[in-house]
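Subject: Structure for you, with notes

Hello,

Here is the structure I promised to pass on. Please open it alongside this email.

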Amino acid sequence: MDLIKNLQWRYAVKKYSDESVSEDKIDRIIEAINLSASSCGIQPYRLFIITNPELRRRLGEGSFNTQIHASSHLLVFAGFNKITSDYITDYVEMIQKQRGLESGALNALKNTLIDYFSTQTPEQNAIWSSKQAYIGLGTALIAAAELKVDSTPMEGFDPKLFDEVLGLSEKGLHPSVILTLGYRNSANDYLASVPKARLPINEFSTKIN
Ligand SMILES: Cc1cc2nc3c(=O)[nH]c(=O)nc-3n(C[C@H](O)[C@H](O)[C@H](O)COP(=O)(O)O)c2cc1C
């Protein structure tokens with residue numbers, strides 16, 4: 001039941017206190033994100049964890065989301081622009097090594113993935129990668145709540161600015177979604193004391209036996 005209690009406790013924070021999140025907790029959240037499922041299992045996004053105040057001030061310019069600079073940590077989930085054959089080859093090689101398999105043991109998987117992604121446009125690749133990044137975002141929200149760390153998932157940022165400041169295009173990436181971490185400033189955040197609003201479970205979900 002702690003899971004549900006912790007999910008009820010979390011909310012999308014608007015105002016953070018000055019308290020920093022410990023590196024140990026940040027590292028656990030990062031590890032949880034890395035353990036997220038992804039379609040085809042190839043983790044087609046990368047995570048940037050930003051504390052640098054000047055960088056965060058620039059990234060927050062023009063955004064209504066003051067959390068971008070006024071929180072402890074800023075996480076940027078950046079999807080791949082393209083799923084290349086080289087990336088698939090290297091990833092499958094890594095799986096083989098981690099599972100103690102002979103080189104070439106997973107050639108069938110590798111070839112299937114290479115064939116599949118070669119039929120997709122770069123735009124389809126990018127959309128698909130972002131979807132996987134959002135799964136990581138979901139894990140991060142749960143992991144943060146379990147550690148009693150506050151967070152805010154956000155789409156309200158300037159993707160062009162993030163791309164320029166973080167040099168994402170050069171890395172073959174684009175910003176998919178962002179998340180801030182920190183601790184709520186309950187006295188100055190009107191959302192800190194409002195009850196959570198959600199659909200009744202039986203309206204939201206249907207059990208089919
Ligand atoms: C993908 C995504 C994007 C969001 N973008 C923003 C945002 O730009 N700014 C913000 O303050 N909240 C943002 N939110 C927070 C939602 O408004 C919030 O999760 C929703 O109202 C439900 O409330 P709760 O998370 O506090 O339970 C976003 C949430 C998600 C999942």
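Below are my notes, from the whole chain down to single residues.

**Overall**

Please keep in mind that this is a predicted model. The chain has 209 residues, and 42% of them are buried. Its secondary structure amounts to eight helices and four strands. In sequence order they run α-α-β-α-β-α-α-α-β-α-β-α. The C-alpha atoms fit a box of roughly 60 × 50 × 30 Å along the principal axes. Accessible surface totals about 12100 Å², and carbon and sulfur atoms account for 54% of that.

Contacts reach far along the sequence. Counting those between residues at least 6 apart, 81% join residues at least 24 apart.

On charge, there are 22 positive and 24 negative side chains. The centres of the two sets are 5 Å apart.

**Salt bridges**

The whole structure holds four salt bridges.

- Arg-184 pairs with Asp-150, with the closest N and O atoms 2.8 Å apart. This pair links distant parts of the chain: Arg-184 is in the loop between β4 and α8, Asp-150 is in strand β3 (residues 150–154), and 34 residues separate them. Both partners are buried, Arg-184 at 18% relative accessible area and Asp-150 at 2%.
- Lys-160 pairs with Glu-164, closest N and O atoms 3.4 Å apart. They sit about one helical turn from each other, because they are four residues apart in helix α7 (residues 159–166). Lys-160 is exposed at 59% relative accessibility, and Glu-164 is exposed at 52%.
- Glu-61 pairs with Arg-57, closest N and O atoms 3.0 Å apart. Glu-61 is partly exposed at 43%, and Arg-57 is partly exposed at 40%. The two belong to a salt-bridge network that also includes Glu-54.

**Buried charges without a partner**

Which buried charges have no salt bridge? Asp-189 is one of them, and Arg-10 is another.

Asp-189 lies in the loop between β4 (173–182) and α8 (201–204). The nearest side chain of opposite charge is Arg-184, 7.0 Å away. Leaving out residues up to four places away in sequence, Asp-189 touches Tyr-11, Val-13, Lys-14 and Lys-15.

Arg-10 lies in the loop between α1 (2–9) and α2. For Arg-10, the nearest side chain of opposite charge is Asp-150, at 7.4 Å. With the same sequence neighbours left out, Arg-10 touches residues including Leu-141, Ala-145, Ser-151 and Pro-153. Arg-184, Lys-196 and Arg-198 are also among its contacts.

Arg-184 therefore deserves a look: a salt bridge reaches 4 Å at most, and Asp-189 is 7.0 Å from Arg-184. Asp-150 is the residue that Arg-184 does bridge.

**Surface patches**

Two patches are worth finding on the surface.

The first is negative: Glu-23, Asp-24, Asp-27 and Glu-31 gather there. Asp-24 is in helix α2 (residues 23–34).

The second is nonpolar. Leu-3, Ile-4 and Ile-142 form it, with about 240 Å² of accessible area together. Ile-4 is in helix α1, while Ile-142 is in helix α6 (residues 122–146). Ile-4 is partly exposed at 41% relative accessible area. Ile-142 is partly exposed too, at 38%.

One distance for scale: Ile-4 and Gln-98 are 34 Å apart, C-alpha to C-alpha, and 94 residues apart in sequence.

Best wishes

Technical notes
Residues are numbered from 1 along each chain as its sequence is written. This is a predicted model: local features need pLDDT of at least 70, side-chain atom pairs count only at pLDDT 80 or more; totals for chains, interfaces and linings use all residues. Side-chain values use heavy atoms; hydrogens and water are left out. Patches are made of residues with over 30% relative accessible area and no salt bridge: like charges are joined within 9 Å, nonpolar side chains (Val, Leu, Ile, Met, Phe, Trp, Tyr) within 5 Å. Accessible areas come from the Shrake-Rupley method with a 1.4 Å probe; for residues, only the protein chains shown count as cover. Lys and Arg count as positive and Asp and Glu as negative; His and the chain ends are not counted. The place of a charge is taken as NZ of Lys, CZ of Arg, CG of Asp or CD of Glu. Helices (H or I, at least four residues) and strands (E, at least two) are DSSP runs, numbered from the N terminus. Buried means under 20% relative accessible area, exposed over 50%, partly exposed in between (1.4 Å probe, protein chains only). Contact means heavy atoms within 4.5 Å.
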